[in-house]
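These notebook entries record what I looked up in one structure, entry by entry. I begin with the ligand and then turn to the chain.

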Amino acid sequence: MEHLTTKLKMFLLLLMFSSAVILQSCYKDNEEDLYPGPDECNTENISFSQTIMPVITNNCVSCHSGAAPSGGLSLSNHTEVVTSIDGGRFMGAIRHESGFSAMPQGGAKLSDCVISQIEAWIEQGKKNN
Ligand code: HEC
C-alpha cells in the first residue's frame, strides 16, 4: 500500500510538471503571435490585400487617387500600385532616397518593417493576393 501511494505521488508530480511545461509553451506561442516584438518583422508570404494595400490606403491614397491625383499618380488599387512600382519612382520615394520626392509627402516615413514588407512583396512577384 505504502509502495503504491509513492508511485501515485510520483505520477501526479510528473503530470503536473509536464502540463505546466505544455501550458507554458502554448502561452509563449500565443504571446508571440499576438504581440510580435519590435525587432520581429514578418516578410514571408506578404499579402497585398492584408498588408500592402492597407498601408497605401492609410498613407498615400488621400493624395494619390481621384480625378486629379497628386503628381498624376493614382495608387488606389493593385494595378495602379504595380504600374507605379514598375515605373521606378515608388521605392526611392518611400525610402527617401536622394533624387526622389520623399513620400508620404508631409508625413512620417514608413517604418523599416513596412518598407521591407513592400520589398518582400515585390520579390515575391507583386501578387494580387
Ligand atoms: C499629402 C499628399 C501626398 C501624400 C500623402 C503622398 N504623396 Fe506621393 N506625391 C504627392 C505629390 C504632390 C507628388 C508630386 C510632386 C512631387 O513629386 O513632389 C507626389 C509624388 C509621388 C511619387 C513620384 C515621386 C518622384 O520622385 O518621382 C511617388 C512614387 C509617390 N508620390 C508615391 C507616394 C506613396 C507611395 C505615398 C504613400 C506612402 C505617397 N506618395 C503619399 C503628394 C502626396
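**Entry 1. Polar contacts with the ligand.** Before looking, I noted that a polar contact is a pair of N or O atoms within 3.5 Å. I also noted that the model is a predicted one. I then looked up Ser101 and found one of its polar side-chain atoms 2.8 Å from an oxygen atom of the ligand. This distance falls within the 3.5 Å cut-off, so I entered the pair as a polar contact. For His64, I read 2.7 Å between an N or O atom of the side chain and a nitrogen atom of the ligand. For Arg89, I read 2.8 Å between an N or O atom of the side chain and an oxygen atom of the ligand.

**Entry 2. The surroundings of the ligand.** Which residues come nearest to the ligand? I found 18 residues around it, and Cys60, Cys63, His64, Ser101 and Met103 come nearest. I sorted the shell by class and recorded 11 nonpolar, 6 polar and 1 charged residues. I next asked which helix gives the most to this shell. Helix H4, residues 90-94, does so with 3 residues. I also checked the pockets, and the space taken by the ligand is the largest pocket.

**Entry 3. The chain as a whole.** I recorded 5 helices and 0 strands. Read along the sequence, the pattern is α-α-α-α-α. Of the 129 residues in the chain, 24% are buried. I then looked at contacts with a separation of 6 or more, and 54% of them join residues 24 or more positions apart.

**Entry 4. Ser84 and His78 in helix H3.** I located Ser84 in helix H3, which covers residues 78-86. Is Ser84 buried or exposed? Its relative accessible area is 9%, so Ser84 counts as buried. Leaving aside neighbours within four places in sequence, I found Ser84 in contact with Leu73, Leu75, Arg89 and Phe90. Arg89 had already appeared in my first entry, where its side chain approaches an oxygen atom of the ligand at 2.8 Å. His78 also belongs to helix H3. I noted His78 as buried because its relative accessibility is 16%, and buried means under 20%. Not counting residues up to four places away in sequence, His78 touches Phe48, Trp121, Lys126, Lys127 and Asn128.

**Entry 5. Val55 in helix H2.** I placed Val55 in helix H2, residues 48-59. At 14% relative accessible area, Val55 is buried. Beyond its neighbours within four places in sequence, Val55 is in contact with Cys60, Leu110 and Val114. I looked further at Leu110, which is 55 residues from Val55 in sequence, yet the two are 8.7 Å apart in space, C-alpha to C-alpha.

**Entry 6. Backbone details in the loops.** I found a cis peptide bond between Met103 and Pro104, with omega about -5°. Pro104 is in the loop between H4 and helix H5 (112-123). His96 is in the loop between H4 and H5, and its phi is near 60°, a positive value in a residue other than glycine. I recorded His96 as partly exposed, at 33% relative accessible area. Asn45 is in the loop between helix H1 (2-34) and H2. Its phi is positive, about 45°, although Asn45 is not a glycine. What is the relative accessibility of Asn45? I read 69%, so Asn45 counts as exposed.

How values were computed: Residues are numbered from 1 along each chain as its sequence is written. This is a predicted model: local features need pLDDT of at least 70, side-chain atom pairs count only at pLDDT 80 or more; totals for chains, interfaces and linings use all residues. Side-chain values use heavy atoms; hydrogens and water are left out. A residue is near a molecule or strand if one of its heavy atoms lies within 4 Å of it. A polar contact is a pair of N or O atoms within 3.5 Å; within protein, one must be able to donate a hydrogen and the other to accept it, and residues adjacent in sequence count only if both atoms are side-chain atoms. On a 1 Å grid over the protein atoms alone, a cavity is a set of points where a 1.4 Å probe fits but cannot get out, and a pocket is an open set with protein on both sides within 12 Å along at least five of seven lines; lining residues have an atom within 4 Å of a point. A molecule sits in a cavity or pocket if more than half of its atoms lie within 2 Å of its grid points. Helices (H or I, at least four residues) and strands (E, at least two) are DSSP runs, numbered from the N terminus. Ala, Val, Leu, Ile, Met, Phe, Trp, Tyr, Cys and Pro count as nonpolar, Asp, Glu, Lys and Arg as charged, and the others, Gly among them, as polar. Buried means under 20% relative accessible area, exposed over 50%, partly exposed in between (1.4 Å probe, protein chains only). Contact means heavy atoms within 4.5 Å.
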